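Me: I would like to go through this model piece by piece, with the criteria behind each statement spelled out.

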Amino acid sequence: MKRRLFLLALLPAACAQPNQPPPVTTAPPAEEPEQVFAPGPIAWDRLSEDQKRRARDAMRRLGYDTSSEEAIIRQWDALPPAKQRFAIRRPPPPPPAPPPRPASSTTRQAPRPPRPPTPPR
């Protein structure tokens with residue numbers, strides 16, 4: 001009975017306030033989302049400068065000829081689409097830094113006392 005009266009007392013208060021829109025955040029997003037490519041090979045011209053830099057670095061690590069832009073484009077077109085996507089992927093964010101240790105834990109601990117000798121059998 002008390003619960004019903006409590007809920008009935010809340011009803012006018014709930015109806016009096018209209019739904020308020022959610023607060024608007026004015027901070028820009030941390031990073032813009034990376035462009036998603038359609039299935040199949042990716043044309044060199046569609047890559048951003050950052051993706052081109054990552055692709056050059058990946059091809060250099062794989063041992064491809066990166067002496068000229070034409071050689072890079074020719075080898076990029078010869079790469080399978082999966083390797084192209086892997087080469088331009090955004091690296092994962094770094095792991096969070098561990099919390100700093102308190103200064104008292106860095107001191108040396110006292111050595112353990114020696115074990116008592118075991119009696120012979």
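The exchange below moves from the overall fold to single residues.

Me: What kind of model is this, and which pattern does the chain follow?
Reply: This is a predicted model, in which local features need pLDDT of at least 70 and side-chain atom pairs count only at pLDDT 80 or more, while totals for chains, interfaces and linings use all residues. Residues are numbered from 1 along each chain as its sequence is written, and side-chain values use heavy atoms, with hydrogens and water left out. Helices (H or I, at least four residues) and strands (E, at least two) are DSSP runs numbered from the N terminus. The chain has four helices and zero strands, and read along the sequence its pattern is α-α-α-α.

Me: Of the 121 residues of the chain, what percentage count as buried?
Reply: Buried means under 20% relative accessible area, exposed means over 50%, and partly exposed lies in between (1.4 Å probe, protein chains only). By this criterion, the buried portion of the 121 residues is 15%.

Me: Which helix supplies the largest share of the largest nonpolar core?
Reply: A nonpolar core is a set of buried Ala, Val, Leu, Ile, Met, Phe, Trp, Tyr and Cys residues joined through side-chain atoms within 4.5 Å. The largest one has twelve residues in all, among them F37, I42, W44, L47, I72 and W76. Helices α2, α3 and α4 each supply at least two residues of this core, but the largest share, three residues, comes from α2.

Me: Why do the buried residues of α3 line one face of the helix?
Reply: The buried residues of α3 are A71, I72, Q75 and W76. Seen down the axis of α3, they fall within an arc of 135 degrees (taken from the directions from the helix axis to the C-beta atoms), so they line one face. E70, R74 and A78 are exposed on the other side of α3, whereas the buried residues of α3 pack against α2 and α4 (81–88).

Me: Are the planes of W44 and W76 stacked or edge-to-face?
Reply: Rings of Phe, Tyr and Trp (its six-membered ring) pair if their centres lie within 6.5 Å, and planes under 30 degrees apart count as stacked, over 60 as edge-to-face and the rest as tilted. The count comes to one aromatic pair; the ring centres of W44 and W76 are 5.6 Å apart and their planes stand at 70 degrees, so this pair is edge-to-face.

Me: How many residues apart are W44 and W76?
Reply: Both W44 and W76 are buried. W44 is in the loop between α1 (2–16) and α2 (49–62), and W76 is in helix α3 (residues 69–78), so the pair links distant parts of the chain, 32 residues apart.

Me: Is K52 buried or exposed?
Reply: K52 has its place in helix α2. Contact means heavy atoms within 4.5 Å, and K52 touches W44 and L47, not counting residues up to four places away in sequence. With a relative accessible area of 13%, K52 is buried.

Me: Which backbone oxygen does the side chain of Q84 reach?
Reply: Q84, in helix α4, is buried with a relative accessible area of 0%. Leaving aside neighbours within four places in sequence, Q84 is in contact with P41, I42, W76, D77 and L79. At 2.7 Å, the side chain of Q84 reaches the backbone oxygen of W76.

Technical notes. A polar contact is a pair of N or O atoms within 3.5 Å; within protein, one must be able to donate a hydrogen and the other to accept it, and residues adjacent in sequence count only if both atoms are side-chain atoms.
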